[in-house]
Amino acid sequence: MSPLSRPSRLRRLGLCVATGTLAALTAAAPAAMAADPQPVGQRAEAAAPDPTSDELSASALQREHEAQQKQAREEAQKQGQAKPQAPKRTYKGRVIAKPYLLLRDKPTRSSRIVGSVEYGEIVHIFCKTQGDNVDGNNRWYLLTDGTWAWGSARYIENIGTAPKWC
């Protein structure tokens, strides 16, 4: 065996070990991000609401909105109007996430996925709130297309004015 073959074998072995370690870390990164998606310096935001609270769940906001609509219909009937007054302003946005945007039941990256919207689709936005940071953007939009679900504002481009706060 030549003296040059031993270092090249060790070099190849080291390269294989390094590649395997890198592959393992890459595979573990999504789980680590789901467990703690924010950097250490951004954990304590006193002004931000707790995105895990039930008051920000899409279903709770949907129930509240439906109750307000029912109340408006009842008041309109009492006043003798055929229809209630015009609904509140709706907001629209375009999905810019490729190939699709994941929709979640709360404004957090670790919450349950309830659907998706494909790139380029127009979505209807009910309101916005603060939640988990996604690529430097901590705003989340509550979408009302079919099912009420949260989408990261990082991947939704506003069409017209920005939505109101929840």
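Of the 166 residues of the chain, 28% count as buried. The model is a predicted one. Its accessible surface comes to about 11,200 Å². Carbon and sulfur atoms account for 54% of that surface. Contacts were examined between residues at least 6 apart in sequence. Of these, 55% join residues at least 24 apart.

The chain contains two helices and seven strands. Along the sequence, their order is α-α-β-β-β-β-β-β-β. Both helices thus precede the strands in this pattern.

Helix H2 spans residues 58-78 and has 21 residues. From the first C-alpha to the last, H2 reaches 30 Å. This is close to the 30 Å expected at 1.5 Å a residue. Five names make up the buried set of H2: Ala58, Ala60, Leu61, His65 and Ala76. An α-helix has 3.6 residues a turn, so residues three or four places apart point the same way. The buried residues of H2 pack against three strands, namely S4 (122-134), S5 (137-143) and S6 (149-152). Just after H2 comes Gly80, which takes a positive phi of about 80°.

The structure holds one disulfide. The partners are Cys127 and Cys166, with sulfur atoms 1.8 Å apart. The angle about the S-S bond is 85°, and the link is right-handed. Cys127 lies in strand S4, while Cys166 lies in the segment after strand S7 (156-159), so the disulfide ties together parts that are 39 residues apart in sequence. The two cysteines were also assessed for exposure. Cys127 has a relative accessible area of 1% and is therefore buried, because buried means under 20%. Cys166 is partly exposed, at 44% relative accessibility. Strand S4 thus contributes Cys127 to the disulfide, and S4 is also one of the strands against which the buried residues of H2 pack.

Three salt bridges were found in a search of the whole structure. One of them joins Arg94 and Glu157. The closest N and O atoms of this pair are 3.7 Å apart. Arg94 belongs to strand S1 (residues 91-95) and Glu157 to strand S7, so the bridge ties together parts that are 63 residues apart in sequence. Arg94 is partly exposed, with a relative accessible area of 33%. Glu157 also counts as partly exposed, at 40% relative accessibility.

Another salt bridge brings together the side chains of Asp135 and Arg154, at 3.8 Å from N to O. This pair links distant parts of the chain, 19 residues apart. Asp135 sits in the loop between S4 and S5. Arg154 sits in the loop between S6 and S7. Asp135 has a relative accessible area of 57%, so this residue is exposed, the cut-off being over 50%. Arg154 is partly exposed, at 32% relative accessibility.

A further salt bridge is formed by the side chains of Arg112 and Asp105. The N to O distance in this bridge is 3.7 Å. Arg112 counts as exposed, with 56% relative accessibility.

Strand S7 can be placed in the picture through two of these links. Glu157 of S7 bonds to Arg94 of S1 in a salt bridge. Cys166, in the segment after S7, is joined to Cys127 of S4 by the disulfide.

Note on methods
Residues numbered from 1 in each chain as written. Predicted model: local features only at pLDDT ≥ 70, side-chain atom pairs only at ≥ 80, totals over all residues. Heavy atoms only, no water. Helix = DSSP H or I, 4+ residues; strand = E, 2+ residues; numbered from the N terminus. Expected span 1.5 Å × (residues − 1). Buried < 20%, exposed > 50% of the residue type's maximum accessible area, 1.4 Å probe, protein only. Contact = heavy atoms within 4.5 Å. Disulfide = S-S within 2.5 Å. Areas by Shrake-Rupley, 256 points an atom, 1.4 Å probe, with all protein chains shown as cover. Salt bridge = Lys/Arg side-chain N within 4 Å of Asp/Glu carboxyl O.
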